[in-house]
Amino acid sequence: MLFIDLDRFKAVNDSMGHSVGDGLLIEVARSLVATVRPHDLVVRLGGDEFVVLCHRLDAAGIVSLAERLRQALEQPFEVAGRKCHISASIGIAMADSIGDLDLVRAADIAMYAAKKNGGNRGELFRPSLYEETTQLVELDNDMRGAIESEQFHLVYQPIFALSPEAERLVGFEALLRWDHPHHGALQPGIFIPLAERLGHIHAMGDWVLRRAILQLQAFRSAGPELDLKMNVNVSPLQLARPDFLARLADLLAQVPDLPRHALCLEITETSLSDEAVSEALISIRALGVRIAIDDFGTGFSSLACLRRLPVDVAKLDRAFLGGGHTAAQDHRFFAAVTGLVHAADLKVVQEGIETLDQLALVRAAGADFAQGFHLAAPLSIAAALDLIAASREE
């Protein structure tokens, strides 16, 4: 049995409409039937999930068929005059190698393993997948209801402007947390990659943007003279979505008094090589929203690329702070990096400051802004409002 789940189908539905999505499912079904052997059975289980039941095929034959199906679904489909690009995660299970599991369940587990490993691939069931993928399926199901049941929340890490004498609060970075009912507090490094692989990142990202923008308005009202900003992390998958700009513009229209420059979207440096992301940045910047490159220094982007794209801020990765050299060498290196970024007309934010010595290094090298646990940990809304009140009194 082959269990087939379409990658990126939800993005087609959301951006092109359900009528195009339904037409795409019909075209996918036709492609599957045309690719399998005449006596194989193709069934749509529901949504964007299909299964293919095959008789008299050995392991090599079923893997070969899965690859032919993957290649067929990778080709663009034309529906209602529009080109739709998808791919498929395919789970493969054979009746004589699944133990006590039923065939559909085993193939489903293998499909989740294929999706976990990046999608657009086939994965053959093996017993070791059972426990690993069962946990993945549980998290997938849990994630579907997490937004509706208010399990997600944001915390806000302060960002400070640096001067020779002191630090001044200028804004916050919104950070997503998941209060899982069984696993407790989950860090984004665990569930964000999973959300990207399983297609939940769009709903999750919309929720984060909406909450962060509304909270920014509240923070600015609490300290109007501080001109506070808000940084929000955005997945490259969100940026590549055709309707992302319209969704962002709609959210901003709901807070007409909010200056657009007060919102800054953070993207990872490694995503700059994606042409769709680069095009999206130009449109986002045209709205007046600022753009920051997160984890700068880890993706090997060129300064020419930074000058070409409408980027406002480079957030230097915390790895710059752990050079392991003499203080003089660390200072020269950090000052050189800061100078290069400034030469590209970008502001510099140093992340991950955990000690007074690191803060002194960053200040002496000429960085514009800083954040990290030495300055302030991520805060609840109430604690952030207390910090705003204290900053107004200084």
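1. Start with the lining of the largest cavity. By class it has 4 nonpolar, 1 polar and 1 charged residues. The residues in question are R210, I213, L214, L251, Q254 and V255. Helix α7 gives the largest share of this lining, 3 residues. The space inside is about 40 Å³. The structure holds 1 cavity of 30 Å³ or more.

2. Some context for the whole chain. This is a predicted model. The chain has 14 helices and 16 strands. Its C-alpha trace spans about 80 × 50 × 45 Å along the principal axes. Of the 394 residues, 49% are buried. Take the contacts between residues at least 6 apart in sequence: 66% of them join residues at least 24 apart.

3. Next, the nonpolar cores. The largest contains 92 residues. Which of its members touch the most others? They are F152, F172, M230, V232, L239, L265 and F334. Helix α7, residues 201-222, gives the most to this core, with 9 residues. A second core is separate and has 28 residues, including F50, I62, A66 and L73.

4. L239 deserves a look of its own. Leaving aside residues up to four places away in sequence, L239 touches V234, F244, I267, A276, V277, A280, L281 and I284. L239 is also one of the core members that touch the most others.

5. Aromatic pairs come next. The whole structure has 6 of them. In one, the ring centres of F152 and W178 are 5.4 Å apart and the planes meet at 45 degrees, so the pair is tilted. F152 sits in strand β8 (residues 152-162) and W178 in strand β9 (residues 167-180), so this pair ties together parts 26 residues apart in sequence. Both rings belong to buried residues: F152 has 3% relative accessibility, and W178 has 0%. F152, W178, F191 and W207 make up one aromatic cluster.

6. F172 and F219 form another pair. The pair is tilted, at 4.9 Å centre to centre, with 40 degrees between the planes. Strand β9 holds F172 and helix α7 holds F219, and the pair links distant parts of the chain, 47 residues apart. F172 is buried at 0% relative accessible area. F219 is buried too, at 1% relative accessibility. F172 appears again among the core members that touch the most others.

7. The largest pocket has a volume of about 1,100 Å³. Its lining comprises 44 residues, and R8, F9, A11, G199 and H202 lie nearest its centre. By class, the lining divides into 19 nonpolar, 10 polar and 15 charged residues. Helix α1 supplies the largest share, 6 residues. Other elements supply at least two residues each, among them β1 (2-7), β5 (82-84), α4 (103-116) and α5 (129-146).

8. The second largest pocket holds about 890 Å³ of space. It is lined by 35 residues. Which of them lie nearest its centre? They are E173, L175, P188, N233 and D294. The lining has 14 nonpolar, 11 polar and 10 charged residues. β9, α6, α7, α8, β12 (263-268) and β13 (290-296) each supply at least two of them.

9. A last remark on helix α7. It gives the most residues to the largest core and the largest share of the cavity lining. It supplies at least two lining residues to the largest pocket, and at least two to the second largest pocket. F219 of the aromatic pair with F172 lies in helix α7 as well.

Technical notes:
Residues are numbered from 1 along each chain as its sequence is written. This is a predicted model: local features need pLDDT of at least 70, side-chain atom pairs count only at pLDDT 80 or more; totals for chains, interfaces and linings use all residues. Side-chain values use heavy atoms; hydrogens and water are left out. A nonpolar core is a set of buried Ala, Val, Leu, Ile, Met, Phe, Trp, Tyr and Cys residues joined through side-chain atoms within 4.5 Å. Buried means under 20% relative accessible area, exposed over 50%, partly exposed in between (1.4 Å probe, protein chains only). Helices (H or I, at least four residues) and strands (E, at least two) are DSSP runs, numbered from the N terminus. Contact means heavy atoms within 4.5 Å. On a 1 Å grid over the protein atoms alone, a cavity is a set of points where a 1.4 Å probe fits but cannot get out, and a pocket is an open set with protein on both sides within 12 Å along at least five of seven lines; lining residues have an atom within 4 Å of a point. Grid points are joined across faces, edges and corners, and a volume is the space filled by probe spheres set on the points. Ala, Val, Leu, Ile, Met, Phe, Trp, Tyr, Cys and Pro count as nonpolar, Asp, Glu, Lys and Arg as charged, and the others, Gly among them, as polar. Rings of Phe, Tyr and Trp (its six-membered ring) pair if their centres lie within 6.5 Å; planes under 30 degrees apart count as stacked, over 60 as edge-to-face and the rest as tilted.
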